[in-house]
Amino acid sequence: MSTRSLGLDDALHDYLLHHSLREHETLTALRQATTKVRYSVMQISPEQGQFMALLAEMLGAQRYLEVGTYTGYSALAVALALPHDGQVVACDISEEFTSVGRPFWRDAGVDHKIDLRLGPAARTLDGLIDEGHHDSFDLAFIDADKENYETYYEQALRLVRPGGLILVDNVLWGGDVANHANQEDSTLAIRQFNKKVKDDHRVTLSLLPLGDGLTIARRR
Ligand code: SAM
Ligand code: CA
């Protein structure tokens, strides 16, 4: 019984994983490999990957747009949930990080679905809009540099179809969004983004305390 979201201590988090996580063996292997990569805490949690895959399935998604791929866990989790002819456009600036993920995409048999675009994501998304891909994605995930979240969100609103979902990660930023002693650029950017989306009537909205905070915005 609760009128608010539970905080999860280690025992309850373990319970949640033991009673709900169905992680594909290649996702487990990729998570293991990523522990040896710089900034491995950037990877999404396995329960978040499973939730995103469920959303893709619920949407009957064919096309998934990702901004911030790192070693490819979220791209792989969603690619596995797409049909054989589904498509992922995965944007990142790092060859170093994304090259870790490619062999795992191959092992899982989904590399043919994943179109990795290396370069600044704002430019990649502008390119997609210019090429006529507006209204063509079912699901988008924004998880790159926080200072550009508003830009990515505006671009995703054009690229995702009406009824499609835009997921935005790290919107609780380790709790720092509510700690006004923290005035770092990334924190200010996330606060500004959260304020904007709260009043954005182009979308239906929920902010879930999953992982580091996940906003789900459904394009109206
Ligand atoms: N979604 C990933 C996962 O499931 O593991 C984690 C993404 S990580 C939090 C953020 C990524 O954004 C990094 O790999 C980084 O290289 C990338 N990035 C940072 N600035 C970027 C930019 N301007 N354009 C594209 N990617 C960028
Ligand atoms: Ca993240």
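This note goes through a predicted model of a protein with a bound calcium ion, point by point.

1. Confidence. The model is a predicted one, and the pLDDT of the protein averages 97, with 100% of the residues scoring at least 70. Among the elements of the protein, the lowest mean pLDDT, 97, belongs to helix 1 (residues 10-20), while the highest, 99, belongs to strand 1 (residues 63-67). As a general caution, predicted coordinates should not be read in detail where pLDDT is low.

2. The calcium site. Which protein atoms act as donors of the calcium ion (ligand 2)? They come from Asp143, which is listed with OD twice, from Asp169 through OD and from Asn170 through OD1, and they lie 2.2 to 3.0 Å from the ion. Along the chain, the donors of this calcium ion follow the spacing D-x25-D-N. The pair Asp143 and Asp169 links distant parts of the chain, 26 residues apart: Asp143 belongs to the loop between strand 4 (137-142) and helix 7 (149-159), whereas Asp169 belongs to strand 5 (residues 160-169). Both Asp143 and Asp169 are buried.

3. The largest pocket. The space in the largest pocket comes to about 600 Å³. Its lining is made up of 33 residues, and those nearest its centre are Met42, Gly68, Asp143, Ala144 and Asp145. Helix 4, strand 2 (87-92) and helix 6 (121-130) are the elements that give two or more residues to this lining. Asp143 therefore deserves a look in both contexts, because a donor of the calcium ion is also listed among the residues nearest the pocket centre, and the reader may wish to view the two sites together.

4. The two sides of helix 2. In helix 2 (residues 25-34), the buried residues are Thr26, Leu27, Leu30 and Thr34. Viewed down the axis of helix 2, these buried residues fall within an arc of 100 degrees, so they line one face of the helix. In general, an α-helix has 3.6 residues a turn, so residues three or four places apart point the same way. On the face of helix 2 that is turned away from the buried side sit the exposed residues Glu25 and Gln32. The cover over the buried residues of helix 2 includes helix 4 (73-81) and helix 5 (95-107).

5. Thr34, in helix 2. Is Thr34, a residue of helix 2, buried or exposed? Thr34 counts as buried, because its relative accessibility is 0%, and the cut-off for a buried residue is under 20%. Once neighbours within four places in sequence are left aside, Thr34 is in contact with Ser40, Gln43, Tyr70 and Thr71. Gly60 stands 26 residues from Thr34 along the chain, and the C-alpha atoms of the two are separated by 29 Å.

6. Two residues with positive phi. Tyr70, one of the contacts of Thr34, has a phi near 55 degrees, which is a positive value in a residue other than glycine. Tyr70 is placed in the loop between strand 1 and helix 4, and with 7% relative accessibility Tyr70 counts as buried. Asp135 is not a glycine either, yet has a positive phi of about 60 degrees. Asp135 is found in the loop between helix 6 and strand 4, and is partly exposed, with a relative accessible area of 39%.

7. Pro46, in helix 3. Pro46 has its place in helix 3 (residues 46-59) and is buried, its relative accessible area being 10%. Apart from neighbours within four places in sequence, the residues in contact with Pro46 are Leu21, Glu23, Arg31 and Tyr73. Pro46 and Arg219 are 173 residues apart in sequence, and in space they are 26 Å apart, C-alpha to C-alpha.

8. Two partly exposed residues. Leu208 belongs to strand 6 (residues 203-208) and counts as partly exposed at 25% relative accessibility. With neighbours within four places in sequence left aside, Leu208 is in contact with Phe51, Gly213, Leu214 and Ile216, while the C-alpha atoms of Leu208 and Val171, 37 residues apart along the chain, are separated by 9.2 Å. Thr151, for its part, is located in helix 7 and is partly exposed, with a relative accessible area of 34%. Between the C-alpha atoms of Thr151 and Ala122 the separation is 7.1 Å, although the two residues are 29 residues apart along the chain.

Methods
Residues are numbered from 1 along each chain as its sequence is written. Chains are lettered from A and ligands numbered from 1 in the order in which they are written. This is a predicted model: local features need pLDDT of at least 70, side-chain atom pairs count only at pLDDT 80 or more; totals for chains, interfaces and linings use all residues. Side-chain values use heavy atoms; hydrogens and water are left out. pLDDT is the predictor's confidence in each residue, from 0 to 100. Helices (H or I, at least four residues) and strands (E, at least two) are DSSP runs, numbered from the N terminus. Donors are N, O and S atoms within 2.8 Å of the metal (3.2 Å for Na, K and Ca); water is not among the atoms, so sites may look incomplete. Buried means under 20% relative accessible area, exposed over 50%, partly exposed in between (1.4 Å probe, protein chains only). The arc is that of the directions from the helix axis to the C-beta atoms. Contact means heavy atoms within 4.5 Å. On a 1 Å grid over the protein atoms alone, a cavity is a set of points where a 1.4 Å probe fits but cannot get out, and a pocket is an open set with protein on both sides within 12 Å along at least five of seven lines; lining residues have an atom within 4 Å of a point. Grid points are joined across faces, edges and corners, and a volume is the space filled by probe spheres set on the points.
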